[in-house]
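Q: Could you take a close look at the backbone of this model with me, going through the loops and one of the helices?

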Amino acid sequence: MDLVLATANPHKAEEIAEILGSVAGLTLRPRPDGVAEVEETGTSLLENARLKARSLCRATGLPAVADDTGLMVDALDGAPGVFSARYAGESATYADNVAKLLTELAAAGGGGDRRARFSTVALVALPDGTEQWAEGTVAGAIAAEPRGDQGFGYDPVFVPDGAHGRTFAEMSIEEKDACSHRGRAFRALAEVLAHDLADPGAGAAARPVGRAGEQAGAGDEPLR
Ligand code: IMP
């Protein structure tokens, strides 16, 4: 099965290709030039992942995979959440978003509560109107200041649990992948796709359950 990748972000494309590239019977295709980006108007990660995958599926006539990620910070009532990309404004840079996050967290006080989590929903939209999706989450804390030069986005200020205090930006791609929200979501999705491709007749009834910190699904269940 050919599967078109919605993301044009090279960091994300590399992480995703590493995981989905190992699914037998799946050929990943890059997003074709000239296909317009869809506006992310959804109110949840699931809605936005679906919007992106569906529009690319319609434009190409092929199965398409998209993902949507949010950083949820406890002391900020879950912000920036679904608005993580444009937290500091429509044309905000990664550095602008990180700076705003640290400022808001300092202003919130919050008794020093710096707990946060990243979540990703990865969704495949098929031309027959059906879909498969999975969610991956990683819990951690927001660092006092940015550290490291790997990765992208909020990586310099996110310290995942169990990483001995290192931020995602202080890890190699492989280390980050092994425990990240996106790694977990795409590994769960890869399992579902591998299962469906190996046994196309089995359909939804035989779908595996996601692992700890992951969730797999195929319906319209709201995530948050
Ligand atoms: P998107 O939905 O994947 O485009 O992610 C929305 C925003 O979340 C991005 O613009 C980044 O700022 C941030 N983000 C997504 N994935 C990551 C990650 O793996 N590390 C750090 N920040 C991320």
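A: Here is a walk along the chain, starting with the loops and ending with a helix. Keep in mind that this is a predicted model.

Let's begin between strand 3 (64-73) and strand 4, in the loop that holds Asp-77. Asp-77 is not a glycine, yet its phi is positive, at about 55 degrees. Is Asp-77 buried or exposed? Asp-77 counts as exposed, because it has 9 C-beta neighbours inside 10 Å, and a residue with 12 or fewer is called exposed.

A little further along, the peptide bond from Ala-79 to Pro-80 is cis, and its omega is near -5 degrees. Pro-80 itself belongs to strand 4, which covers residues 80-81.

Now move on to the loop between strand 7 (158-160) and helix 4 (173-179), where you will find His-164. His-164 also is not a glycine, and has a positive phi of about 55 degrees. His-164 is exposed, because 6 other C-beta atoms lie within 10 Å.

Our last stop is helix 5, residues 181-198. Its 18 residues, at 1.5 Å a residue, should span 26 Å, and the end C-alpha atoms are 26 Å apart, so the two values agree. Which residues of helix 5 are buried? They are His-181, Arg-182, Gly-183, Arg-184, Ala-185, Phe-186, Arg-187, Ala-188, Leu-189, Val-192, Leu-193 and Asp-196. As you trace them, it helps to remember that an α-helix has 3.6 residues a turn, so residues three or four places apart point the same way.

Key:
Residues numbered from 1 in each chain as written. Predicted model: local features only at pLDDT ≥ 70, side-chain atom pairs only at ≥ 80, totals over all residues. Helix = DSSP H or I, 4+ residues; strand = E, 2+ residues; numbered from the N terminus. Buried ≥ 20, exposed ≤ 12 C-beta atoms within 10 Å, placed from the backbone. Expected span 1.5 Å × (residues − 1).
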